[in-house]
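Trainee: Got a minute to go through a model with me? I'd like to talk it over chain by chain.
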Amino acid sequence: METAERNRSMWKLGTYLLLLVVAIVYPLVASNSYYVHVIVMSFIFAIAVYGFNLIVGYLGQLSLAQAGFFGIGAYMSGLFTMKLHMSFWLSLPLTAFLTMLISLPIGFISFRTKGNYFAIFTMCVGIIINLVIEKWDSVTGGNTGLIGIPQPNNLGPISFDSVISQYYLVLAFLVITIFVMTRLVNSLVGRTFMSIRNSSDLAATLGINVMANKILAFAIASFFTAIAGVLYAHYIRFIGPDASGLNMTFDFLLSLLIGGQASIAGPLVGSLLSTGLTEGLQSLQEYRMVVFGILLILIVKFFPMGIVGGLQLLRFKLMKRFAKTDVAGIAQMKPSKGESHAAENKSIN
Amino acid sequence: MNLFFQQLVNGLTLGSIYCLVALGLTLIYGIMEVPNFAHGHLYMVGAYVTFFMMTLYGINYWLAAVISAIVLAVLGVLIERLVFNPLRNGPETNKFVAALGAMLFLEATARLLWGSDYRSIPGIYDKVIQIGGIRVTEQRIIVIVAAVVLMFALNLFLKHTIIGSALMAMAQNRDGASLVGINVNMVSILTFVIASILAAFAATLAGPIFLVYPSMGTMIVTKAFVIIVIGGMGSIPGAVLGGYILGLAESMGATYISTDYKDIVAFVLLVVILSVKPSGMFAKETK
């Protein structure tokens, strides 16, 4: 039993390492820097979607203010580096931290509401942030936005003036994000979030401080969303109010649901797919929702756990079939840690 | 003082449109517990139908309104059957996401079919009337009066017909209503029909005053949500009251505070109210 568990985690580690190698080699073999650009965009998106996943997937609260934090992160770091000539490497952590601070009172007020009220409330918060950014001409540049945001400063001998170097920068942050998220959702804190998702009343009865934990998840999510915003601002080098708009939140939601909520691979898979498709169909960008809108409806009806959840279910079914001959096998597989467990909980829910 | 009365009329016009849209939304929420995000986009489609009926086929304004109402009723029923009915027993979040999906689909489709240009329904009641010191176009008076007539008719229907009572029964208690033999499917379809008709008329009435474009639905549906949250989700008098309050608050805010921040008024209002009372101002007792 011990060895089966260990085998499994070795396999997992091997898969992760293989994926990492693929990610590192990719820009060297990609025939065109545009293809690298597309992946950079999906990675930046993925970081934001990981934050979103924590609230929607693991905590089970549909917060529609996320693009607001993405926008705050992007604009704040843009202003820090442009107006105050701050170094990127100081601006990034400072922005992420300040955005997290801003999210605390917002979380405190929003989580007093529940269910649909929460979704509507956070949506209004998102719209307010968006409108303030759009109308506050003297600071944010209004509709024109910020133009000429500097690239990340050199880090010793490493400069970030090519797409490929930016790719590795973003990849590094993505890897850190995934690592932190994996540790987080498998920790007691992560379990606490899931217990709140499954039943906040039951969680409260067990002595969990529901409010404090919800705000914690909200703050962590804003932290990562802000980092994504900062990376976006310094990669694209200009930002407009749309970066904080409601449509951005819908894009996060779409990526998350396509990939699979409450899973570690989901946000990455979803972001790669949705950004890849969007960039690929650039001339059709305005119309892509004709397909994606329907996709959203189909996903919530037929694949509430997205692609990753669907694959897990498939693997689980296959395993069950093979395990008929090996009863001990399934006994070990079923209560294994991590995502499959989350998937089970969610489907019961 | 004239400016004040002028803005009062403008606020009432805006409020009338808000009321009609919010009424549909609150009916759907109250009866089916669906946060129908696509409602604003039905309104948008309604405006386009009227626009094309009038400009392409030269159909009379009021006949165009009726055609628009019929088209929207069909579309509303389709959305109910294909999107919300299959999710009836699912978790709240799923209905919310599906509604967002329907909304994004409608907007993109409108953009694909009709382009992103701003259009305006040709006004046939452009004559300016002078009352005291205020100048009002006939269209604005028509909006205000028509909205009152529609709301009055809705009230008659809900209070004094058997089908209307069935709807109200469903809103009060779903299980109870099913127990006494009210057909849930029938009621759901009917609710969407009524809400769509209201949206079509709202769009046709507003068309000559405001502009018609594919994303016009997003702002109005978010504001309508603000209204019904303020008025208590599912409450009909709440939606009417909330609609007029928001219309007046916006037109007064635009005049006396700042035009730039006109759109923000609604959302700040909601955030303040929900911060103080997390379940809305006049919320029904829930769970």
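Mentor: Let's take the chains, then the core and the contact, then some single residues.

Trainee: Before that, what kind of model is this, and how is everything numbered?

Mentor: It's a predicted model, where local features need pLDDT of at least 70, side-chain atom pairs count only at pLDDT 80 or more, and totals for chains, interfaces and linings use all residues. Residues are numbered from 1 along each chain as its sequence is written, while chains are lettered from A and ligands numbered from 1 in the order in which they are written.

Trainee: OK, how many helices and strands are there in chain A?

Mentor: Chain A has 16 helices and 2 strands. Those are DSSP runs numbered from the N terminus, with helices being H or I of at least four residues and strands being E of at least two.

Trainee: And chain B, what order do the elements run in?

Mentor: Chain B has 11 helices and 2 strands. From the N terminus they go α-α-α-α-β-β-α-α-α-α-α-α-α.

Trainee: What about the radius of gyration of each chain?

Mentor: For the 349 residues of chain A, a compact globule would come out near 20 Å, and chain A has 21 Å, which agrees. For chain B, with 287 residues, the globule value is near 19 Å and the chain has 19 Å, so that agrees too. The radius is taken over C-alpha atoms, and the globule rule is 2.2 Å times the number of residues to the power 0.38.

Trainee: And the box along the principal axes?

Mentor: Roughly 70 × 50 × 40 Å for the C-alpha atoms of chain A, and about 60 × 50 × 35 Å for the C-alpha trace of chain B.

Trainee: How much of each chain is buried?

Mentor: In chain A, 48% of the 349 residues count as buried, and in chain B it's 50% of 287. Buried means 20 or more other C-beta atoms within 10 Å of the residue's own, exposed means 12 or fewer, and partly exposed is in between, with C-beta atoms placed from the backbone.

Trainee: Switching topic: which residues have the most contacts inside the largest nonpolar core?

Mentor: Ile44(A), Cys124(A), Leu296(A), Val21(B), Ala202(B) and Val226(B), in a core of 195 residues. Helix 2 of chain A, residues 33–58, gives the most to this core, with 16 residues. A core here is a set of buried Ala, Val, Leu, Ile, Met, Phe, Trp, Tyr and Cys residues joined through C-beta atoms within 7 Å.

Trainee: So what is Ile44(A) in contact with?

Mentor: Leaving aside neighbours within four places in sequence, Ile44(A) is in contact with Val170(A), Ala228(A), Leu231(A), Tyr232(A) and Tyr235(A). Contact means C-beta atoms, placed from the backbone, within 7 Å.

Trainee: And where do the two chains meet, how many residues does the contact take?

Mentor: It takes 33 residues from chain A and 36 residues from chain B. On the side of chain A that touches chain B, helix 5 of chain A gives the largest share, 13 residues. By class, that side of chain A has 24 nonpolar, 4 polar and 5 charged residues. Ala, Val, Leu, Ile, Met, Phe, Trp, Tyr, Cys and Pro count as nonpolar, Asp, Glu, Lys and Arg as charged, and the others, Gly among them, as polar.

Trainee: Back inside chain B, how do helix 1 and helix 10 pack?

Mentor: Helix 1 (residues 2–32) and helix 10 (residues 236–256) of chain B pack at about 145°, with their axes 6 Å apart. Axes are lines fitted to C-alpha atoms over the stretch in contact, and angles run from 0 to 180 degrees between N-to-C directions. The residues of that contact divide into 14 nonpolar, 10 polar and 1 charged.

Trainee: Is Leu23(B) buried or exposed?

Mentor: Leu23(B) counts as buried because 26 C-beta neighbours lie inside 10 Å. It lies in helix 1 of chain B, and Leu23(B) touches Leu154(B), Leu198(B), Ile236(B), Ala239(B) and Val240(B), not counting residues up to four places away in sequence.

Trainee: Last one: which phi does His85(A) have?

Mentor: A positive one of about 55°, although His85(A) is not a glycine. His85(A) is in the loop between helix 3 (66–83) and helix 4 (88–110) of chain A, and it's exposed, with 9 other C-beta atoms within 10 Å. Glu33(B) also has a positive phi of about 55° without being a glycine, and that residue lies in the loop between helix 1 and helix 2 (39–57) of chain B.
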